[in-house]
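Subject: Structure handover

Dear colleague,

Please find the structure below, together with its sequence. My notes come after it.

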Amino acid sequence: MAARPVLLNRLLRHTHFSLRARGYATSTSSVNPTELSHFNALASTWWDPYGSSRLLHLMNPLRHDFIASCHALKPHSSPHRDIRYLDIGCGGGIFAESAARLPSTANVTAIDPSKEVIEVARQHARRDPRLQEPGRLEYLNKAVEDLDAPRSLDEMYDVVTLFEVIEHISTPAPFLKSCLPFVKPGGWLILSTIARTWTSWVTTKVVAEDIIGLVPRGTHDWSKYINEQELKGFFAGQQGWGINGGMKAMGCIYLPGIGWKMVMGGEQWGNYFFGVRRDPVE
């Protein structure tokens, strides 16, 4: 069966979850309660560099490298100062903290639907006095659907990130559409995810979860993985996104004993980064 119809069926489904009992402001969310429970259980080990989030710690430098490569694209290269970030699904704050420390950063807003994980992020940030500067880093226990829509350019962000998030979402199209308004014209939506291939099933499910135990069992659902061409197809249908080369993908692979490395073409079969620019206002 072709991959595109499988994704389109998922993209067109709208699943509603009642989360009032969990402390959310709305009764409709992209958050899957099963996924939420799984990551709640991992909250206490989020900042252990040898724990369940070890691969995320090791991947973090590549996240910054990929963002920089997107900003460098012509003809609409992005500003390199006073960058505002919105980190959606921030977890314990591995990327959010590192972004907040960059001299080019104006501020970081980081959100996650897990109360337990956000509390871990806040506690860890308190260890660094610089992160306590007003406006430098703000954590919110919210899903993206709970954020107020931006009313002006000043309320939008230069970079909106979704790192290792979308493959945990049951309805990716409505979720992505909820994220788009927060990107300012000329800004970037940056994500990382996994291609839905037999190679990724072997590496991420059989090897990483069942054999080696690099990540806890149940972390991934192979059927939710999304291929690069499916993302390109989705954004091709969104007016005002990705013109003049404003779309980029790059594969990456984890090599035991070495770490994560960028791999040209790896987006076709395994882990990859994907970036799309909101068209600048001419």
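The notes below cover the cores, the cysteines and two single residues.

This is a predicted model, so local features need pLDDT of at least 70 and side-chain atom pairs count only at pLDDT 80 or more, while totals for chains, interfaces and linings use all residues. Residues are numbered from 1 along each chain as its sequence is written, and side-chain values use heavy atoms, with hydrogens and water left out.

Cores. The largest nonpolar core (buried Ala, Val, Leu, Ile, Met, Phe, Trp, Tyr and Cys residues joined through side-chain atoms within 4.5 Å) has 32 residues, of which Y85, L137, Y139 and I190 touch the most other members. Its largest share, 6 residues, is supplied by α3. A second, separate core of 31 residues has A173, L176, F182 and L191 among its members. Leaving aside residues up to four places away in sequence, I190 is in contact (heavy atoms within 4.5 Å) with F66, I67, C70, V159, V160, T161, L162, F163, F274 and G275.

Cysteines. There are 0 disulfides (cysteine sulfur pairs within 2.5 Å) in the structure. C70 is buried at 0% relative accessible area, and C90 is buried at 7%; buried means under 20%, exposed over 50% and partly exposed in between, with a 1.4 Å probe and protein chains only.

Single residues. D65 sits in helix α3, residues 54-71 (helices are DSSP runs of H or I, at least four residues, and strands runs of E, at least two, numbered from the N terminus). D65 is partly exposed at 47%, and its C-alpha lies 9.7 Å from that of M262, 197 residues away in sequence. T197 is in the loop between β5 (183-194) and α7 (198-211) and is buried at 16%. Beyond four places in sequence, T197 touches W222, N227, Q268 and W269.

Regards
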